Amino acid sequence: MGRYSGKDRTGDAIYLAGISGDTITRDRVGGESGPESRVVRNPCLNVAIMVQPDKYLEAARHPALRASGALARILPVHLPSLVGTRFEEQGDPGLDESLLEPFTTLVNTLLNTILPKDADTGKPNTHLARLSPEAAEARRQWFNRIEQLMGEGGGLEDVRDIASKAVSATVRIALVFHLSDNPHHLQEPYSMVSLETWQRAQLIGQYHLKEAIRLQRESSVDALESAAQRVIQWAISANANPFSVKDVCRHGPSPRMKAKEVRHALDLLVEYGWIRPLPLGDRERKPRYEINPKVAKSQKPKS
């Protein structure tokens, strides 16, 4: 997000190059030996990372990351929390590592495949996988549907950057399925991705597109309203009534909020009528707030 970069710059360039396969070059001033040059040819980068949902939303709100296309290339999944339901039973079996053996075998097979060499150059031949005519037609039809929705007034107009990458990401998913089903294809000059494989990939692509759009739109909600919502939800669930700015900073929702952010959120909640400031006591200098009784009653869980 640019913490150690120049103004308005981000550190996502290497990710973009690694995904697209573009050559990466870095020139350095160097030391006593003079300037240094670093080159990575044919980079291939895949990243799997688990982060707290609020951290992903923080990145999703970053305008430069969205403008660069980095966010559009991420296939996010925001799973529902299972906290409060993960009970252990007596005699629960441990982790069955044998269930991972087929996956491990497949990955090792793909990584250890020796590509046939070109007779003239002696270099390994790159396998060429193409969509079959039926799969290519299915891809074209889906591409056109998304393109139409990205037009002015369309349902995807506000998330064009994400939607525009959905089909190319799905092609990659289809390739993964294709080689997972047939690892031996790597030793052949070319192969065809079937319609059935494409249809499986499209289902996954549609799911990830829906998730990416949902999370991007959620991140686009005004940050102040988001902070206010976190405060009121905490105050109700913690039965913090009345409460002060200091209470929210010390015991409020995670991640902890700064006092300035809390004050702005409380001002908005007062404006909306969700809370109200209490009259200051004789020795009080900082205001305290109480929740609107109607709000607290409406948010109380039903038995």
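Two strands count as paired if DSSP finds at least two bridges between them. Strands (E, at least two residues) and helices (H or I, at least four residues) are DSSP runs, numbered from the N terminus.

## A parallel strand pair

With that in hand, let's start at β3 and β4. Strand β3 (residues 128-131) runs parallel to strand β4 (residues 190-193), and the two are joined over four bridges. Leu131 has Val193 in β4 standing opposite.

Before going on, a word on where all this comes from. The model is predicted, so to speak of local features a pLDDT of at least 70 is needed, and side-chain atom pairs count only at pLDDT 80 or more, while totals for chains, interfaces and linings use all residues. Residues are numbered from 1 along each chain as its sequence is written, and side-chain values use heavy atoms, with hydrogens and water left out.

Which residues of β4 point to the buried face? Ser191 and Val193 do, and both are buried, whereas Tyr190 and Met192 point to the other face and are not buried. Buried here means under 20% relative accessible area, exposed means over 50%, and partly exposed lies in between (1.4 Å probe, protein chains only). In a regular strand the side chains alternate between the two faces of the sheet.

## Three helices that pack together

Two packed helices are described by the angle between their axes and the distance between the axes. The axes are lines fitted to C-alpha atoms, for helices over the stretch in contact, and angles run from 0 to 180 degrees between N-to-C directions. Angles under 35 degrees count as roughly parallel, over 145 as roughly antiparallel, 65 to 115 as roughly perpendicular, and the rest as oblique. A crossing is right-handed if the near helix is turned clockwise from the far one by less than a right angle, and left-handed if anticlockwise. Contact means heavy atoms within 4.5 Å.

Take helix α5 (residues 133-149) and helix α7 (residues 166-181): their axes come within 10 Å and cross at roughly 150°. The two helices are therefore roughly antiparallel, and α5 passes α7 in a right-handed crossing. On the α5 side, Arg139, Trp142, Phe143 and Ile146 make the contact, meeting Ala166, Val167, Thr170 and Val171 of α7. These residues divide into six nonpolar, one polar and one charged. As for the classes, Ala, Val, Leu, Ile, Met, Phe, Trp, Tyr, Cys and Pro count as nonpolar, Asp, Glu, Lys and Arg as charged, and the others, Gly among them, as polar.

Helix α8 (residues 195-219) also packs against α5, with axes that come within 8 Å and cross at roughly 20°. That makes α5 roughly parallel to α8. This crossing is right-handed too. The α5 residues that meet α8 include Glu134, Ala138 and Trp142, and their partners in α8 include Trp198, Gly205 and Leu209. By class, the contact has seven nonpolar, three polar and three charged residues.

The remaining pair is α7 with α8, packed at an angle of about 135° with axes 8 Å apart. They are therefore oblique to each other, and the crossing is right-handed. Among the residues that meet are Ile173, Phe177 and His178 in α7, and Thr197, Ala201 and Ile204 in α8. This contact divides into 10 nonpolar, five polar and two charged residues.

## A small antiparallel sheet

Further along the chain, three strands form an open sheet in the order β5-β7-β6, with antiparallel pairing. β5 and β6 stand at the edges with a single partner strand each, so one side of each is left without a neighbour in the sheet. Helix α11 (residues 259-272) packs on this sheet and touches β5, β6 and β7, its direction making about 110° with that of β6.

Strand β5 (residues 243-244) pairs with strand β7 (residues 288-291) over two bridges, and strand β6 (residues 275-277) pairs with β7 over three. Tyr289 in β7 is the bridge partner of Phe243 and also of Pro277.

## Two buried loop residues

Is His185 buried or exposed? His185, in the loop between α7 and β4, is buried, with a relative accessible area of 14%. Not counting residues up to four places away in sequence, His185 touches His127, His178, Leu179 and Ser191.

Ala70 sits in the loop between α3 (63-68) and α4 (101-112) and is buried at a relative accessible area of 16%. Leaving aside neighbours within four places in sequence, Ala70 is in contact with Asp12, Leu16 and Leu65.
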